[in-house]
Amino acid sequence: MKSAQTATADFQARREREQRRHYARKPKSIGDVVAQLITARGYGRIQADANFAAAWQTAVGPTLAKYTLPGRLRRGVLEITVANSMTIQELSFRKQQVLKQLQTELPDAKIRDLRFRVGSIR
């Protein structure tokens, strides 16, 4: 025979499972469903990448933009992939100007610094 404490624990576990099942069957708001879909599919990240690319092209101009590719923003540092070391040098000279322009274009991103590295541009 089960003790009273074990029976109570079983009852609680069964009750919680039923509540979860019941919640799963309840209708959800369209906003919640869309938010879950955007998160699951990564559309938010795609949109953020597009915003960074547009702001970057505005900040550096079309000539330098074709030799660079903005990457991830980590802890306020935007990583930029650059085609060659000459372009890194040019961007280093203009770093403060470009940074201010990006901060103006993307105030919610909270970009504090830029980090350049040589790499492959698509």
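Which strands does helix H5 lie across, and at what angle does helix H5 run to E3? In this predicted model, helix H5, made up of residues 95-105, lies across E2 and E3 and runs at about 120 degrees to E3. The sheet beneath this question is a good place to begin.

Three strands form an open sheet in the order E1-E2-E3, and their pairing is mixed. Strand E1 (68-74) and strand E3 (113-118) are the edge strands, each of them pairing on one side only. On average, and with direction ignored, neighbouring strands of the sheet are turned by 25 degrees against each other. Strand E2, covering residues 77-82, pairs with E3 in the parallel sense, over six bridges. Within this pairing, Leu78 has Leu114 of E3 as its bridge partner. Helix H4 (residues 85-93) also packs on the sheet, where it touches E1, E2 and E3. The direction of helix H4 makes about 165 degrees with that of E3.

Attention now turns to the nonpolar interior. The largest nonpolar core holds 19 residues, and the members that touch the most others are Trp56, Leu102, Ile111, Leu114 and Phe116. At least two residues of this core come from each of helix H3 (43-65), E2, H4, H5 and E3. The most is given by H3, which supplies seven residues. As a general point, nonpolar side chains in soluble globular proteins tend to be buried together.

Leu114 deserves a closer look, as it appears both in the strand pairing and in the core. With neighbours within four places in sequence left aside, the contacts of Leu114 are Trp56, Val77, Leu78, Lys95, Val98, Leu99 and Leu102. Among them, Trp56 and Leu102 are also named with Leu114 as core members that touch the most others.

Charged side chains complete the picture, with two salt bridges in the structure. Side chains of opposite charge can pair when their charged atoms come close. One salt bridge joins the side chains of Glu79 and Arg74, with an N to O distance of 3.5 Å. Arg74 has a relative accessible area of 47%, so this residue is partly exposed. In the other, the side chains of Lys95 and Asp113 meet at 3.1 Å, N to O. This pair links distant parts of the chain, since Lys95 belongs to helix H5 and Asp113 to strand E3, 18 residues apart. Lys95 counts as partly exposed because its relative accessibility is 22%. Asp113, at 28% relative accessibility, likewise counts as partly exposed.

Technical notes:
Residues numbered from 1 in each chain as written. Predicted model: local features only at pLDDT ≥ 70, side-chain atom pairs only at ≥ 80, totals over all residues. Heavy atoms only, no water. Pairing = 2+ DSSP bridges. Helix = DSSP H or I, 4+ residues; strand = E, 2+ residues; numbered from the N terminus. Axes fitted to C-alpha atoms, helices over the stretch in contact; angles between N-to-C directions. Contact = heavy atoms within 4.5 Å. Core = buried A, V, L, I, M, F, W, Y, C linked by side-chain atoms within 4.5 Å. Buried < 20%, exposed > 50% of the residue type's maximum accessible area, 1.4 Å probe, protein only. Salt bridge = Lys/Arg side-chain N within 4 Å of Asp/Glu carboxyl O.
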